[in-house]
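Reader: I should like to learn how a protein model is read, one feature at a time. Where should one begin?

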Amino acid sequence: MWAIYLVGIVVLADFLSGLVHWWEDAYAHPDMPFMQQVAHNNLMHHHKPRDFLRKSWWQSSADLLAVGAVILVLAWWGDWLNIWVVLFVAVAVNANQIHKWAHQNRQEKPWLVSKLQDWWILQTPREHARHHSGEKNSHYCAITNVLNPILERLHFWVGLETIIAKTTGIQRRKDGDYLASLQAKAKS
């Protein structure tokens with residue numbers, strides 16, 4: 001039974017981190033209050049995918065750590081803190097690090113991480129590369145290889161964007177517009 005919980009917790013962390021990743025890719029914009037840096041970093045990551053490897057764990061995970069701490073405090077306060085909540089927070093807080101490992105070659109990452117990728121426990125570089133190809137509008141879950149094929153077959157992200165567009169009129173962000181404005185600023 002514990003194995004089912006373990007897999008479920010990791011898949012839940014993968015899905016929720018993928019949902020945040022999707023939102024950043026689809027709707028975060030550098031003009032949004034409080035989101036300027038997140039949106040800028042996200043756009044630049046699609047333009048130069050390996051640049052974020054220069055960031056330390058702290059630089060790429062501090063926001064996730066803060067959210068994880070809030071979850072742990074609320075769980076403790078609500079008397080539902082247990083090993084599964086701790087596991088969820090541990091996996092979710094490291095989502096960006098796992099994402100970074102998917103951008104590294106074997107020589108750049110710890111041996112154990114490469115083995116976990118070989119065994120398909122952590123997302124492989126090949127699976128994550130699907131997110132960085134074409135329109136960059138798919139394969140948002142960056143922790144495992146499990147969810148992306150399922151969600152893509154279901155057209156989950158496209159469906160979610162369609163519902164948002166039809167109900168609110170808000171359209172998906174166009175990355176090219178922002179990158180072109182950055183290039184124009186750099187030339188002037």
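Author: One begins with the elements: helices and strands are DSSP runs, numbered from the N terminus, where a helix needs at least four residues and a strand at least two. Please keep in mind that this is a predicted model.

Reader: In which order do the elements of the protein chain run from the N terminus on?

Author: The order is α-α-α-α-α-α-α-α-α-α. The count for the protein chain is thus 10 helices and 0 strands.

Reader: How is the compactness of the protein chain judged?

Author: The radius of gyration is compared with the value of a globule rule. Here the radius is 17 Å, close to the 16 Å that the rule gives for 188 residues, so the protein chain is as compact as a globular protein of that length. Along the principal axes, its C-alpha atoms fill a box of roughly 55 × 45 × 35 Å.

Reader: What can contacts tell us about the protein chain?

Author: One asks how far apart in sequence the touching residues are. Among contacts between residues at least 6 apart in sequence, 60% join residues at least 24 apart.

Reader: How does one decide whether a residue is buried or exposed?

Author: A residue is buried under 20% relative accessible area, exposed over 50%, and partly exposed in between. Of the 188 residues of the protein chain, 37% count as buried. The accessible surface of the chain comes to about 11500 Å², and 67% of that surface belongs to carbon and sulfur atoms.

Reader: Which residues of helix 4 are buried?

Author: Within helix 4, residues 83–93, the buried ones are Val85, Phe88, Val89, Val91, Ala92 and Val93. Their cover includes helix 1 (2–26), helix 3 (57–77) and helix 5 (95–103). At the start of helix 4, a side-chain oxygen of asparagine 82 comes to within 2.8 Å of the backbone nitrogen of tryptophan 84.

Reader: Is tyrosine 5 buried, partly exposed or exposed?

Author: Tyrosine 5, which has its place in helix 1, has a relative accessible area of 42% and is therefore partly exposed. Its C-alpha atom is separated by 22 Å from that of valine 113, 108 residues apart along the chain.

Reader: How should a residue in a loop be read?

Author: One asks the same things: its place, its exposure and its neighbours. Serine 138 is in the loop between helix 7 (125–129) and helix 8 (147–153). With a relative accessible area of 13%, serine 138 is buried. Leaving aside residues up to four places away in sequence, serine 138 touches Arg130, His131 and Glu152. Its side chain also makes a polar contact with the side chain of histidine 139, at 2.9 Å.

Reader: What does asparagine 145 touch?

Author: Not counting residues up to four places away in sequence, asparagine 145 touches Trp120, Leu122, Gln123, Thr124 and Glu127. Asparagine 145 lies in the loop between helix 7 and helix 8 and counts as buried, at 5% relative accessibility. A polar atom of its side chain is 3.2 Å from the backbone nitrogen of threonine 124.

Reader: Where is arginine 54 found?

Author: Arginine 54 is in the loop between helix 2 (36–47) and helix 3. With a relative accessible area of 69%, arginine 54 is exposed. Its side chain makes a polar contact with the side chain of aspartate 51, at 3.0 Å. Arginine 54 and lysine 100 are 46 residues apart in sequence, and 9.7 Å apart in space from C-alpha to C-alpha.

Conventions: Residues numbered from 1 in each chain as written. Predicted model: local features only at pLDDT ≥ 70, side-chain atom pairs only at ≥ 80, totals over all residues. Heavy atoms only, no water. Rg over C-alpha atoms; globule rule 2.2 N^0.38 Å. Buried < 20%, exposed > 50% of the residue type's maximum accessible area, 1.4 Å probe, protein only. Contact = heavy atoms within 4.5 Å. Areas by Shrake-Rupley, 256 points an atom, 1.4 Å probe, with all protein chains shown as cover. Polar contact = N/O pair within 3.5 Å; in protein donor to acceptor, adjacent residues only side chain to side chain.
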